[in-house]
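Trainee: Before we open the model, could we agree to go through it one question at a time, with the reasoning spelled out?
Mentor: Gladly; let us look at it together and begin with a single residue.

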Amino acid sequence: NASTFYETLLPHVNKDTLNEVIYAETNEIDLLIDKITEGVNNQPSYLLELLSILNKLLEISLNSPDSNLISKADQEFITLKLIDRFLNPDPREKEKKLFTCAIQCLSKMLNDQLLNHLTKLHTGRTNYPDWDIDGDSNIVSPNGHCGLVNLGATCFLNSTLQQFFAIPDLRKAVFLFNGNNRFIDELRILFAEMYLSNGELINPTKLVDVWTGWDGEPMNPEIQQDAFEFTQMLIDKLEGGLTPKFLNQIFGGTQIVEFVGLSETYQSSSVQPFTSLTLPIQDSTNVYEAFSKMQNPNFFTGENQYYAESLHKKIDAKNIQRLGKLPEILILQLSRFEYNYQLGIRSKINSVFNFPVDLDLKDFTASNIDQITKYELRGVVMHEGTADFGHYTSYIKDLSTDKWFLYNDSYVTEVTVEEV
């Protein structure tokens, strides 16, 4: 195979053999350079072998400046591709041998592209005044995924942060943030520690210290909050630093709300934005039933007539809702908590509710919008307990391995998709 071929070729790449090829006036070197640039662009499984050969060619070229083995244009192209893969704040590649070889190649291709990128990285860096490392903590996840310390009753925060950290575009935007927002700055540091943790336990205390709710009150880590309400507040805070436009590209969708007259000829339509949807699960057994129930018409008749503005009077009408623009990432809340007004208490619906790994919302979406309607399950925030007491955990699919993991505060364990 290609990997074995280039591994076998590597020992023969030296100054003497290259001189022989050049003397014979053949184009083997040009073909080899083409293979390397093609490999860097397409990133095949044998990229390490290609980069090892590239490293040797660059070394020979540095020792023989007149040889011009690799043109300036090829070097600039390869530099940009290696920067994109290995030197971004959230690089795709973590394999140590491949990373080391790529850095060795870059160190031998000193050009404006590399200088500009390194300058940009250092200009936007975050200063770490102290690391706050707990030397007594020996919790290290064997699978490389880090847990978060529960600060008393912060399982809701840990479960939600793990879900948001697992979104590549969002994580990268947080890494690249260079504005004036204390919360995003602390989130950036926390995400960086999680990314570089190699499975070691991370403490989110500093993020909790700067958190304030919608009422401006600081978070009390001893008091549990609703994970879904925390998710909405987190999106709101992210909008303050990363802009509403960016968050809307990830989570933003719309619902089309229509009122149709029953006693009069009347029709009105409005578009309402959302970043999450709440599904009514009472008397529903699965997601599709809940979506159907959510889109059942509501009738406004008798004393509850609808006021039609264009007619300047109340009329009998029905209200219909359907999905419009679908978001890239769909957040669904299962409405398990309800308030009993007769007893004055909250209660939890504990009936079985099934959700699929693959979800198609075509039947619930406006037909005049050309868009993808299929979703794949990426994460689940679970609550165990009653309406007043309980514990949150998160199931998350690792996009690089397609494996599922259970995040239970400090501990992360691999699970099967059947368990999820």
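**A loop residue and its surroundings**

Mentor: Ser 263 is partly exposed, with a relative accessible area of 42%. Please keep in mind throughout that this is a predicted model.

Trainee: Where is the place of Ser 263?
Mentor: Strand 1 and strand 2 (residues 267–274) pair in the antiparallel sense over eight bridges, and Val 260 stands opposite Gln 267 of strand 2. A hairpin of five residues makes the connection from strand 1 to strand 2. Ser 263 therefore has its partly exposed position, at 42% relative accessible area, in the loop between strand 1 and strand 2.

Trainee: Which backbone nitrogen does the side chain of Ser 263 reach?
Mentor: Ser 263 and Lys 314 are 51 residues apart in sequence, and their C-alpha atoms are 9.8 Å apart in space. Once neighbours within four places in sequence are left aside, Ser 263 is in contact with Ile 315 and Asp 316. The side chain of Ser 263 comes to 3.1 Å from a backbone nitrogen, and that nitrogen belongs to Asp 316.

**A helix and what lies against it**

Trainee: Why do the buried residues of helix 14 line one face of the helix?
Mentor: Helix 14 covers residues 287–294, and Val 287, Ala 290, Phe 291 and Met 294 are buried in it. Viewed down the axis of helix 14, these buried residues line one face because they fall within an arc of 100 degrees. An α-helix has 3.6 residues a turn, so residues three or four places apart point the same way.

Trainee: Which strands do the buried residues of helix 14 pack against?
Mentor: The buried residues in question are Val 287, Ala 290, Phe 291 and Met 294. They pack against strand 1 (253–261), strand 3 (277–279), strand 7 (317–323), strand 8 (332–334) and strand 11 (358–360).

Trainee: Which residue caps the N-terminal end of helix 14?
Mentor: The contact to look for joins a side-chain oxygen to the backbone nitrogen of Tyr 288, at 3.1 Å. The residue that supplies this oxygen, and so caps the N-terminal end of helix 14 within the 3.5 Å limit for a polar contact, is Asn 286.

**A sheet of four strands**

Trainee: Which are the edge strands of the open sheet with the order 13-14-15-16?
Mentor: This open sheet has four strands with antiparallel pairing, and the twist averages 25 degrees from one strand to the next. An edge strand pairs on one side only, and that description fits strand 13 (379–385) and strand 16 (411–415).

Trainee: What is the bridge partner of Tyr 395 in strand 15?
Mentor: Strand 14 (residues 390–397) and strand 15 (residues 404–408) pair in the antiparallel sense over four bridges. In strand 15, the bridge partner of Tyr 395 is Leu 406.

Trainee: At about how many degrees to strand 14 does helix 8 run?
Mentor: Helix 8 (residues 155–165) lies across strand 13, strand 14 and strand 15. Its direction relative to strand 14 is given by an angle of about 10 degrees.

**Buried or exposed, and two backbone angles**

Trainee: Is Thr 365 buried or exposed?
Mentor: Thr 365 is found in the loop between strand 11 and strand 12 (374–376), and its side chain reaches the backbone oxygen of Leu 361 at 2.7 Å. Not counting residues up to four places away in sequence, Thr 365 touches Leu 323, Gly 324, Leu 326, Gln 371 and Thr 373. Its relative accessibility is 11%, so Thr 365 counts as buried.

Trainee: Asn 198 and Asp 409 each have a positive phi; what relative accessible area does Asn 198 have?
Mentor: Most residues other than glycine have a negative phi. Asn 198 has a phi of about 55 degrees and sits in the loop between helix 10 (182–195) and helix 11 (205–210). Asp 409, with phi near 55 degrees, lies in the loop between strand 15 and strand 16 and counts as buried at 10% relative accessibility. Asn 198, on the other hand, is exposed, with a relative accessible area of 64%.

Trainee: How many disulfides does the structure hold?
Mentor: Cys 101 is buried at 6% relative accessible area, and the closest cysteine sulfur to its own is that of Cys 105. These sulfurs are 4.6 Å apart, which is too far for a bond. For the structure, the number of disulfides is zero.

Terms used:
Residues numbered from 1 in each chain as written. Predicted model: local features only at pLDDT ≥ 70, side-chain atom pairs only at ≥ 80, totals over all residues. Heavy atoms only, no water. Pairing = 2+ DSSP bridges. Axes fitted to C-alpha atoms, helices over the stretch in contact; angles between N-to-C directions. Contact = heavy atoms within 4.5 Å. Buried < 20%, exposed > 50% of the residue type's maximum accessible area, 1.4 Å probe, protein only. Arc of directions from axis to C-beta. Polar contact = N/O pair within 3.5 Å; in protein donor to acceptor, adjacent residues only side chain to side chain. Disulfide = S-S within 2.5 Å.
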